[in-house]
Each structure stands twice: as C-alpha cells, then as structure tokens.
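The exercises below are meant to be worked with the sequence and the coordinates open side by side. Each task is followed by a solution that goes step by step.

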Amino acid sequence: MSWVTMIGQSIAFFIFVWFCWKFIWPFLIGAMRERQQTIADGLEAASKAQRDLEHAEARAEEILNEARAEARGIVDDARGQAAQMVDNARADAESERERILKAAQADVAQEVNRAKESLRGEVADLAVLGAERILEASIDRERHDALLDRVAAEL
Amino acid sequence: MAEDAGGYITHHLTNLTYGKHPEDGWGFADTAEKAAEMGFWSIHVDSIAWSVGLGVVFCLVFRSAAKRATAGVPGGLQNAVEIIVDFIDDTVSSIFQHRNDIIAPMALTIFVWVFLMNLMDLVPVDWIPKLASVLGVEYMKIVPSTDPNVTLGMSFTVFFLIIYYSIKVKGVGGFFKELLCHPFPWYLFPVNFLLETVTLLAKPISLGLRLYGNLFAGEMIFILIALLYGGIVLSFAGGVLQWGWAVFHVLVITLQAFVFAVLTVIYLAQAHDTSEEH
C-alpha cells in the first residue's frame, strides 16, 4: 500500500471533478438543453402551423359555401323578379288591350248610332219627299201602303 | 521456465515506486522487494502519472468540445461527447433526485476517467513496459485501475463526500442519529453503531476493490496469455487468445467504469436522503 498514491489520486479526483463541474458540464448540457428547446419549439410551431392551416382551410370552405349560397339566392331572386316583371307586363298589356278594344267598340257604336240618326233623318226626309211625290201623283192606296211598308222595313 | 515466468509476472505487477528505502535512501526502487520495503510513504509514480495524464486527456478533450459546443448542428467531437453526457445525465437524473449540481459532472468525470484508465488494459501488455525499459525505466505499470491505491484513493474520496453530504444535509446530529438509532431502536445503539459503521465502510472498500479486482484479474489474464509467446504455433494461439480476451474485456472495462460512477451516485443519493425508509 502507498498512502501517497492514494492521497495523490484523491487530490487528482477532486481537481478533475471540479474542472468538469466548472468548465465542461455546464457548456455541454447547456448546448444540449438549448437544442432540445429549439427542436421542441420548432415542432410546436410546425404543429401550430398545421392547425392554423386546417382552420384556414375550413374557414375558406365556409366562405366559399356562403358565397355559393348567396349567389344561388341572387340568381333565384333575379329569376323571380324577371318572372314577376313578365307577368306584370303581360297583365298591363292585357288590360291595355281591353281598354283599347272597349274604346274602339264604343267608337264604333257611337259612329253607328250617329249614322243611324243621320240615316233616320234622311230617311224621314226621303219619306216626306216620297210622300210629297206620291201625293203629287195619284195616291194608289194599296200600292203605296206596300211601298211605305217596304220603306219602313228598310229603316 | 517457472522462475522466468514468475519473474515476468512480478515485473509486470510491480509499480515504478519512488520513496525512501531504509538502506538506500530516497530514490526509485529497482526491485520489487525494495519497492515493497519502501512502505506506506512511497509513491507509485507510474500509477499517478498515467492516471493524472488520462484525467488531463479527459479534461482537454471534453473542454475543447465544451468550448465549441453549439446548440446548432453539432460536429463529430461534440456528437460523441454529447452521447456520453446525455447517457450520464439520464442515468444520474433517474437515480439522484436531490438538488446538487456537482453530482452529474462528477459521474461524468468518474465514468470517462475510469474508462480511460481501464482502457490502458487493452494496450498489449509488453509494449509500454518494453519501451520504458529501453528508455531506462525499470518498472512501468500502465493501468492505474489495477493499482489498489488508485482505486481505493478514489473510493475513499467518495467516502469522504458521502460523509460530507450526510452531515451537510442532515447535520452532525442527524448523521450520528442515523448511525446510532438504526436499524434497531435507540437503546441498542452499540449494535446499531457497529452495523451502520460496517455498512458505511463497506461502501468505499467494496467500491474500490471491485474495480481493482476486475481490472487486476483482467490484466493478469493478459499477462498469463503473454507467457505463451514463443514458437509459431503458441505465438499464434497466444495472439488469438489475447484478441479474444481483449474483445471480452472491452465489455468489462466499460461496465466497471459505469458501475463505479453509478454506485458513487447511488451512495451520494443515500447520503442526501433524509427520510429513513431503508
């Protein structure tokens, strides 16, 4: 046995452990922890980005669906309005036609009446004239009756 | 041949010893007998030199890795060093649950240092002693962990730390209470004291002797196989055996370094334990 060797080894042990404690361990473990943290942060960021992407995709899909529904609504409205307009126009035209027809018929009836009135007057005049002529000539009762009847029927 | 073999083995097992010989005064011992006669106050120069040298190698290599340590992409050296550091950190944090910053670096130092000392066992047994004798140095034992003084020096340092932390954490009273009132009730304190002291002392002694025994036995096998050399067939057989034993020994040296480090951590964790559940 050799005390000096033991004590020397013991002192060397302390010095090496101290050196490792002060100048080796903290640097290595620090770098490793830092790298671990960086990797963990990176992974976290990646999964967050993934989640964000999924959210964004879902949101985009939603917006797209809304827009689609809105467009469909607009088209439906427009179609309805167009149909409405066509119906209105048809109804207007219909009533306009009625009105114009009625006016025309009224005109025609009026004209007819006026013509009748004037004809009646003329016929009366003609009758009076005829009567004068007949009275001027001889009155053949029977013949003139027939004549007059015929005139009256023509009126 | 027997005398020759005995001499060969003795030569390989003798440290380069510096000390005061009762007759020759201060100087290096030139025979194994003289080395033994120098007694306790001699120093095994080869053990200390190799052990300190390997410790310095550890410090330099790991320090250069630590200086260039980056949290970015690590280089080759940093990678290798980080594997060891990570391994030690995992091991320590699974065993040692208390707050003490020095335990993990200590475990790293012990593991790598003891591993390097054990690694010297894989250097063919004759190379460096031959080289040393060419340079005029008679004895050269290059595996510090086959020197019980080295391993016990380390394990008694651990023993000192066990007592230091026990007293630091539990106080002097707490430390002696643990020695006296455990495992039996306090009125059996002489028995308790005896048992606990044996337990306490068994830790460093077993720790140091385990490493020494394993490495000494391994070294012995290398030396015995080396005795085979001579003649083509025997030399070839010896070479194959050396190689086979070295391959197996790679396991032993790593395992023993790990065991020393882990047991140190366990003992220090026990020293920090304040609850008496064991």
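**Exercise 1: the sheet of chain B**

Gly27(B), in strand 2 of chain B, is the bridge partner of Gly19(B), where helices (H or I, at least four residues) and strands (E, at least two) are DSSP runs numbered from the N terminus. The model is a predicted one, in which local features need pLDDT of at least 70 and side-chain atom pairs count only at pLDDT 80 or more, while totals for chains, interfaces and linings use all residues. Residues are numbered from 1 along each chain as its sequence is written, chains are lettered from A and ligands numbered from 1 in the order in which they are written, and side-chain values use heavy atoms, with hydrogens and water left out.

Task: starting from that bridge, establish in which order the strands of the open sheet of chain B lie.

Solution.

1. Take strand 1 and strand 2 of chain B, which pair in the antiparallel sense over four bridges; two strands count as paired if DSSP finds at least two bridges between them. Another bridge to strand 2 joins His21(B) to Gly25(B), and the hairpin that connects the two strands passes through three residues.
2. Turn to strand 1 (residues 17-21) and strand 3 of chain B, whose antiparallel pairing rests on two bridges. On strand 3, Ile43(B) is the bridge partner of Tyr18(B).
3. Combine the pairings: the three strands form an open, antiparallel sheet with the order 2-1-3. Strand 2 (25-28) and strand 3 (43-44) are at the edges and have a single partner strand each, so one side of each lacks a neighbour in the sheet.
4. Place the sheet in the chain, which has nine helices and three strands and runs α-β-β-α-β-α-α-α-α-α-α-α from the N terminus on.

**Exercise 2: side-chain pairs along helix 1 of chain A**

Task: determine how Phe19(A) and Phe23(A) are arranged, and what separates Glu96(A) from Arg99(A) in helix 1.

Solution.

1. Ring pairs are those of Phe, Tyr and Trp (its six-membered ring) with centres within 6.5 Å, planes under 30 degrees apart being stacked, over 60 edge-to-face and the rest tilted; the count over all chains is 19. For Phe19(A) and Phe23(A) the centres are 5.2 Å apart and the planes 50 degrees, which makes the pair tilted.
2. Both rings belong to helix 1 (residues 3-136) of chain A and sit four residues apart, about one turn of the helix.
3. Glu96(A) and Arg99(A) form a salt bridge with closest N and O atoms 2.8 Å apart, the criterion being a side-chain nitrogen of Lys or Arg within 4 Å of a carboxyl oxygen of Asp or Glu. These two residues are three apart in helix 1, and therefore separated by about one helical turn.

**Exercise 3: the interface of chain A and chain B**

Task: describe how many residues of each chain are in contact and how many salt bridges cross the interface.

Solution.

1. With contact meaning heavy atoms within 4.5 Å, 28 residues of chain A touch 51 residues of chain B.
2. The salt-bridge rule finds two across this interface, one of them between Arg35(A) and Glu82(B) at 2.9 Å, N to O.
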